[in-house]
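Please open the structure in your viewer and keep the selection tool at hand. Each stop below says what to select and what is there.

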Amino acid sequence: MGVRGLAGFVEERGAFCAELRVRDTKLVIDGSSLYHQLCFASAADPRRGGEYGLFAATVSDFFGSLRACRVSPFVVLDGGRGADDRKLPALQERAAERLRAAHGLARGEGGCVVPLLSREAFLQALRRLGVPFVQCFAEADREIAGLANRWGCPVLSLDSDFCVFELAGGYCPLTHFQWRSVCGGADGQRGRYVPARCFSVERFCGHFGALRRSLLPLFAVMCGNDYIELAALEAFLSAVRSRRGGRKHARLRGVLSWLSQFSEPAEAVDSVLKYVKKHQREEVRDLLCTSMRDYTPSDVKLEDFFRSSRYECEAARKAGLPQWVLDALAKGKLAPFIINALVLRSTFLRVQVENMQRPSAHSTALPIRRVIYGLLLKASQNTEAASRSNELPAFCEFSRLQKTLKKTFVQAASLPAGFCDDSFALEKLVEVPMSRRQMLLLETLGVQMSFLKPIPNHLQLPVAVTCYWICCSEPKVKLHQLKALLLMIVSGELHRITNDPDAPGLCAEGDVIAYKEFLKWKEKKLENKDFDLDAGHGFCQWQCCLQMGFYLNQLLGSPLPEPDLSRLYTGTLVHRLFQELKSTPSVENLFSSSPKMTQLYQDLLNTVES
């Protein structure tokens, strides 16, 4: 994210940042940066698909530190890619990097991959904690800058683009935000603060002589960011590359030193164009000037959303989407995946640590995605023309093919009979009776509601998804895999009733005994610590199915309750249960001290086996 090389350059030269004590203030947080950072801070095993409970606890600890210092957080997240899709090349490059990291982890090498459902788990944690957040229509940087400037408070992020924005309250890099080391408090709670560092534009510009801050957007554009990488500027960049101070950051230092001779951007642009071939000059000028505007804070008034839950944005209006879709997106009730599919007919399917010799784990969930695309097509002006040609338009998916990123085209599904009428048009979808929306969801997953009756409401969606996974996975799900997954779900339920202060009276003595025995079992050393890649691939498929089940459920207005991910999937636990079930079948009786959990496990097993 951000300007290439700038974060490392600023990090190396600590003099560009000033010490800051963060307390008694509003704080605008780049949500996408934060959840990535907290994922890695939660110390989960990156190979086994995520530890969403550990992650949610880390999120809670983070905001607990802010609360202790009387900091009021406002989280702003990126939405879709935007109608112009200008970041597509950068996103393809980033997806290829993730694929290489996942492949390395699958082979036992180091690396990090953000678990598939981290974003959904993050939003659930924010709701539980009552932290205000908004999901923007597209890239959030300009809206973050605009909100922070109107409030005069700092921005917290990992994105070096915020070194370039003019920010009234400054930019605090997350890498120096010591939320685990809250200081002060000798005079009670009033003196507590989070030690942090704040990027100083004055120090940065002063390092390069008379460099004016108004030239920083041009610097960012010329050095390359997520939006632009100009091959036409190579001659200029080679000419100004710094010959002093070694090769590291030589281009960046050279551009900044060269810019310090100019008083305003237009003058510098004219000088840059002398290095560009004549027939390219006007095109390059337009591109530079357009790209510099990316560093102008947005006039979208996010503070209005935090007051009234109404999100107004010109780009969203131009997209012509139904108001309920825009409202749901802003509230995080629709994922960016849905908006990208709707606006661009193009999506990225995030890779996990899976068996690279097999088809992508996402291929199992393809029928669910095709139904999502079919619903989204009912908002398209071209649907009628497409139906006349008896061919529904295709959606572009970027996914894994063995060890490479591959672009494929997928046909949307024709909706089942009974769901094709105009009532299922996107703008009217929220008006369709909930019972009919539930029928479409369950028909897509191949489950009847009568099968789910014995299952607690909040587990019906993951159980329906598990039924789908068993039917559609290739290779077929092994019984040990299924039992391990169900035992993991039961452990989450046991944790809920024994630890949730909001659930008094749910916990019997047998539940407490079973939970203590379970904790004792977890503390025992695992004899076989090998990572079973094939089993891992199967659990990746389950998460892919759950993710698309989530998205279809959201699009239909949640006809089934959304399960709590922090208690639903624990990667190290499900892998351990799988290993132990192979050698010690009695592990299946792990919760036998609790009649309630024994019955739940039996109900889950009977439902999915039926």
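The tour visits a few strands and then several salt bridges.

This is a predicted model, in which local features need pLDDT of at least 70, side-chain atom pairs count only at pLDDT 80 or more, and totals for chains, interfaces and linings use all residues. Residues are numbered from 1 along each chain as its sequence is written, and side-chain values use heavy atoms, with hydrogens and water left out.

**Stop 1: strand 3**

Select residues 71-77, which are strand 3. Helices (H or I, at least four residues) and strands (E, at least two) are DSSP runs, numbered from the N terminus. Of the 7 residues in strand 3, 6 are buried; buried means under 20% relative accessible area, exposed over 50%, and partly exposed in between (1.4 Å probe, protein chains only).

Now add residues 25-30, strand 2, which runs parallel to strand 3 and is joined to it by 6 bridges. Two strands count as paired if DSSP finds at least two bridges between them. Look for Ile29, which stands opposite Val75 in strand 3.

Next add residues 133-135, strand 4, which pairs with strand 3 in the parallel sense over 3 bridges. Here Leu77 has Gln135 in strand 4 as its bridge partner.

**Stop 2: Asp294 and Arg86**

The whole structure holds 29 salt bridges, each a side-chain nitrogen of Lys or Arg within 4 Å of a carboxyl oxygen of Asp or Glu. Select Asp294 and Arg86: the closest N and O atoms of this salt bridge are 2.7 Å apart. Asp294 is in the loop between helix 12 (281-292) and helix 13 (302-308), and Arg86 is in the loop between strand 3 and helix 4 (88-106), so the pair ties together parts 208 residues apart in sequence. Asp294 is buried at 15% relative accessibility, whereas Arg86 is partly exposed at 27%.

**Stop 3: helix 22**

Select residues 479-499, helix 22, and find Lys483 in it. Lys483 forms a salt bridge with Glu588, with the closest N and O atoms 3.2 Å apart. Glu588 lies 105 residues away, in the loop between helix 25 (571-583) and helix 26 (595-609). Lys483 is buried at 15%, while Glu588 is partly exposed at 22%.

Stay in helix 22 and select Glu493 and Arg496, which are 3 residues apart, about one turn of the helix. Their salt bridge has its closest N and O atoms 3.1 Å apart, and both residues are buried.

**Stop 4: a network**

Which residues are linked with Arg310 in a network of salt bridges? Select Glu312, Arg317 and Asp327 together with Arg310 to see the network.
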